[in-house]
Amino acid sequence: MKIFGLAGWSGSGKTTLVVDLIPEILSRGFSVSTMKHTHHNFDMDRPGKDSYNHREAGAHEVMIASSTRWALMQELRDVPEPDIEELITHMTPVDLVLIEGFKSYPHPKIEVHRPSLGKALFWDNDPSVVAIATNEPMPSVKLPVLDLDDVVAIADFVLEYVGLNTDLNAGSNVEVHRGTA
């Protein structure tokens with residue numbers, strides 16, 4: 001499986017970009033899964049539900065299944081957070097796993113950046129950032145700069161970068177401009 005990430009500050013548009021990239025990449029005949037990292041304590045379950053009660057009672061794993069989907073929740077308790085390699089072993093093989101977040105992990109990624117948020121770029125301190133997707137010109141950036149609103153070009157870039165055959169159903173010719181979006 002190929003992996004490629006999208007990282008950026010909260011509010012930069014990472015989730016929107018992932019959601020837009022999925023159907024674009026699927027339309028080219030590739031299978032896609034996603035992995036999302038959050039720094040927040042999250043819960044997919046609700047108090048009072050049976051599966052929640054199972055976890056609260058101490059179950060290490062709880063699987064929920066229906067005729068339309070299944071989910072496996074694993075409690076880490078006092079175990080360290082697993083890295084991407086460990087997590088990916090639990091996923092069904094696909095052509096591409098898009099990873100949202102995991103900003104400090106050294107996998108290839110696009111930094112999603114909106115200057116209007118007032119947050120600093122982090123690409124210059126992270127050699128795993130291979131491009132910037134933004135909605136404004138970035139003349140000081142020495143990496144490829146992609147238009148945040150051009151999902152086809154971003155999909156082209158990602159698929160080319162990870163080595164998936166983009167000639168089969170390519171949406172456009174990749175035009176990468178250094179310092180401009």
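Asp126 and Lys109 are both buried, where buried means under 20% relative accessible area, exposed means over 50%, and partly exposed lies in between (1.4 Å probe, protein chains only). These two residues form a salt bridge, with their closest N and O atoms 3.3 Å apart. A salt bridge here is a side-chain nitrogen of Lys or Arg within 4 Å of a carboxyl oxygen of Asp or Glu. Side chains of opposite charge can pair when their charged atoms come close. Asp126 sits in the loop between E6 and E7 while Lys109 belongs to strand E6, so the pair ties together parts that are 17 residues apart in sequence.

Before we go on, a word about what you are looking at. This is a predicted model, in which local features need pLDDT of at least 70 and side-chain atom pairs count only at pLDDT 80 or more, while totals for chains, interfaces and linings use all residues. Residues are numbered from 1 along each chain as its sequence is written, and side-chain values use heavy atoms, leaving out hydrogens and water.

The structure holds 4 salt bridges, and Arg28 is a good place to look for others. The side chain of Arg28 meets that of Glu24 at 2.8 Å, N to O, and it also meets the side chain of Asp156 at 2.4 Å, N to O. Asp156 lies in helix H4 and Arg28 in the loop between H1 and strand E2 (32–36), so this pair ties together parts that are 128 residues apart in sequence. Glu24, Arg28 and Asp156 are thus linked in a network of salt bridges. How buried is Arg28? Arg28 has 2% relative accessibility, so it counts as buried. Glu24, at 18%, counts as buried too.

Now step back to the whole fold. The protein has 4 helices and 9 strands; these are DSSP runs numbered from the N terminus, with helices (H or I) of at least four residues and strands (E) of at least two. Read from the N terminus, the elements go β-α-β-α-β-β-α-β-β-β-β-α-β. Of the 181 residues, 39% count as buried. Among contacts (heavy atoms within 4.5 Å) with a separation of 6 or more, 55% join residues 24 or more positions apart.

What fills the inside? The largest nonpolar core has 25 residues, and those with the most contacts inside it are Phe4, Leu17, Leu21, Ile25, Leu96, Ile110 and Ile154. A nonpolar core is a set of buried Ala, Val, Leu, Ile, Met, Phe, Trp, Tyr and Cys residues joined through side-chain atoms within 4.5 Å. At least two residues of this core come from each of strand E1 (2–7), helix H1 (14–26), strands E5 (96–100), E6 (109–113) and E7 (129–134), and helix H4 (151–162). H4 gives the most, with 7 residues. Follow Leu21 as an example: beyond its neighbours within four places in sequence, Leu21 is in contact with Leu6, Leu98, Val151, Ile154 and Ala155. Apart from this core lies another, of 9 residues, including Trp123, Ile132, Met138 and Leu143.

Finally, turn to the outside. The protein exposes about 10700 Å², and carbon and sulfur atoms supply 51% of that area, which comes from the Shrake-Rupley method with a 1.4 Å probe; for residues, only the protein chains shown count as cover. Met63, Trp70 and Leu72 make a nonpolar surface patch of about 360 Å². Patches are made of residues with over 30% relative accessible area and no salt bridge, with like charges joined within 9 Å and nonpolar side chains (Val, Leu, Ile, Met, Phe, Trp, Tyr) within 5 Å. Leu72 lies in strand E4 (residues 70–74) and, at 41% relative accessibility, counts as partly exposed.
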